[in-house]
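Take a look at the model below. We will go through its cysteines, its symmetry and one of its interfaces.

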Number of protein chains: 4
Amino acid sequence: MPGEFSIKRRIQFAETDMAGVLHFSNYFRLMEEVEHEFWRSVGLTVYMRDSSPHISWPRVSVQCEYIAPLRFEDEVDLRFVVTRVGSKSFHFEVEFVRDDEKCAHGRITAVCCATGPGGEFSATEIPKEIRSKLENVLQPVERARSH
Amino acid sequence: MPGEFSIKRRIQFAETDMAGVLHFSNYFRLMEEVEHEFWRSVGLTVYMRDSSPHISWPRVSVQCEYIAPLRFEDEVDLRFVVTRVGSKSFHFEVEFVRDDEKCAHGRITAVCCATGPGGEFSATEIPKEIRSKLENVLQPVERARSH
Amino acid sequence: MPGEFSIKRRIQFAETDMAGVLHFSNYFRLMEEVEHEFWRSVGLTVYMRDSSPHISWPRVSVQCEYIAPLRFEDEVDLRFVVTRVGSKSFHFEVEFVRDDEKCAHGRITAVCCATGPGGEFSATEIPKEIRSKLENVLQPVERARSH
Amino acid sequence: MPGEFSIKRRIQFAETDMAGVLHFSNYFRLMEEVEHEFWRSVGLTVYMRDSSPHISWPRVSVQCEYIAPLRFEDEVDLRFVVTRVGSKSFHFEVEFVRDDEKCAHGRITAVCCATGPGGEFSATEIPKEIRSKLENVLQPVERARSH
């Protein structure tokens, strides 16, 4: 799909639980891994320590739907798209695909924040050079259609 | 609130991330902790190994909204209510409250499953004695109103 | 035992793995939890953000021996003792006891560090008021004997 | 080094803690990841569900020394060697190397176990075809020398 960014990721033993499957909370870690890999792929990093002020991206809303369980050693495609870029926030989605089977679908809304000296967050406009990178993988229409 | 079940939980160091706050994925672990404590409080367990077949509760849909960050050593009230009991599923919500401030709000839908010998799940009707326990903490109206 | 500090801790579902037991890496998280609870019990915190410079306690050496597996919902006593206090380091041990059965035994050496503005650590002498708290739970002889 | 098996692994955001570094417990997860990748590289898997009885490898003793902290987005070489193969146990070590700097060094002893129907473990002789794979990466002398 044009604009899509994806990585392959293998499910690790420590990520499973006693029911024998990837624990449901760990899907969010995988969503974040592909997001951060996307940032690196466009020459940025999600945690800009050297910028002044520090920029970070706390989440304000997340969700996930689970369709088929993932298990130890499964290799899964994590397919990342940006579905909306607001003035201070961006929205992305991740599909979890194993052998052409969609196993889960997550959505995350993150807010661009400046971080103060005590670690407090305040929402701020997305800097222009970051915005343009996000818009390169924007797929507002296609994703919307598929739901 | 009548029907509510809650526990106190302290945020641990290993649950924070380099942004200095509880990592967003860990909220789902806390939701599960209060859920499981609820099961124990009514004399049940979420993972019924001794039943035949094994009953477990995979999640089909989860979400969380983050309002104010939680930090290391914060003590948070995890307030659990059941908002709907279907024939095979139940829906619960957890509020994260620190010193009377609501910091996050999560929702989880879980499905009652029988577990086969190879670990596969198949949805099944909620057994009667479990259903009655869930209905004791059912709050369909109150919660709906507060949103 | 005189000088011992302990807490009860229940094993959570997300801490188990597909082998049905507490994942071996999570024992270190539990050791840290009882350590931090000890700090709080003597009016301190392990991460002194308000001191100048910031004091933290990176680990330089850790180990654990596993005797009997811990499982979901097990309630375990975490028994913490300090076995040595050096000029810049301290050594502690944690026994994992379930129903009078010792299930695991861990050891951690941590170093008192000042944290620089870029997050770098430099070893520093343990401040006097902290040292005296540690020495209150010091058990160099008793523990040594039991091995 | 002959007999060595290694993978590259990037440190993820969720693996850091509020001190800004890879949490010390997570080093054990990385050691396990390279171990499991080794098993796959020789055509085996660490969790043999299809064998009868199930074979798994609980840990009996683990340790780690920390030399320099690892941080978010660091890419680290995980260098795995087997240092001893007993009749029922094997011992392996992992070096964490970032840009030619050794940052940590871990050691794990695991025992070959048959898993019973209730999930209980009993130590058993390492099957011959597994033993030969382990001995291919055995480095008892070289590693011993370097310490």
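A disulfide is counted here when two cysteine sulfur atoms lie within 2.5 Å of each other. This is a predicted model. By that rule, the count over all chains is zero disulfides.

Cys112(A) shows the reasoning. The closest cysteine sulfur to that of Cys112(A) belongs to Cys113(A), 6.9 Å away, so the two are too far apart for a bond. Cys112(A) is also buried, at a relative accessible area of 0%. Chain D has a case of its own. Cys112(D) takes part in no disulfide, and its nearest cysteine sulfur, in Cys113(D), is 6.9 Å off. Cys112(D) counts as buried too, with 0% relative accessibility.

Now the symmetry. A turn of 180° with a shift of 0.0 Å along the axis lays chain B on chain A, at an RMSD of 0.0 Å. The two copies are therefore related as by a two-fold rotation axis. Within chain B, Gln63(B) has the C-alpha nearest the axis, at 2.0 Å. Both copies use the same surface: 96% of the contact residues of chain B recur in chain A.

Turn next to chains D and A. Here 17 residues of chain D contact 17 residues of chain A. About 1700 Å² is buried between them, and carbon and sulfur atoms give 47% of that area. On the chain D side, Gln12(D), Arg40(D) and Phe72(D) lose the most area to chain A, together 28% of what that side buries.

Polar links also cross this interface. Two salt bridges are counted between chain D and chain A. One of them pairs Arg40(D) with Glu73(A), with the closest N and O atoms 2.8 Å apart. Four residue pairs are in polar contact across the interface. Helix α1 (residues 26-41) of chain D gives the most to the side touching chain A, with six residues.

Terms used. Residues are numbered from 1 along each chain as its sequence is written. Chains are lettered from A and ligands numbered from 1 in the order in which they are written. This is a predicted model: local features need pLDDT of at least 70, side-chain atom pairs count only at pLDDT 80 or more; totals for chains, interfaces and linings use all residues. Side-chain values use heavy atoms; hydrogens and water are left out. Copies are superposed by least squares on the C-alpha atoms of residues with pLDDT of at least 70 in both. Contact means heavy atoms within 4.5 Å. Buried means under 20% relative accessible area, exposed over 50%, partly exposed in between (1.4 Å probe, protein chains only). Buried area is the accessible area (1.4 Å probe) that two parts lose on being put together, summed over both. A salt bridge is a side-chain nitrogen of Lys or Arg within 4 Å of a carboxyl oxygen of Asp or Glu. A polar contact is a pair of N or O atoms within 3.5 Å; within protein, one must be able to donate a hydrogen and the other to accept it, and residues adjacent in sequence count only if both atoms are side-chain atoms. Helices (H or I, at least four residues) and strands (E, at least two) are DSSP runs, numbered from the N terminus.
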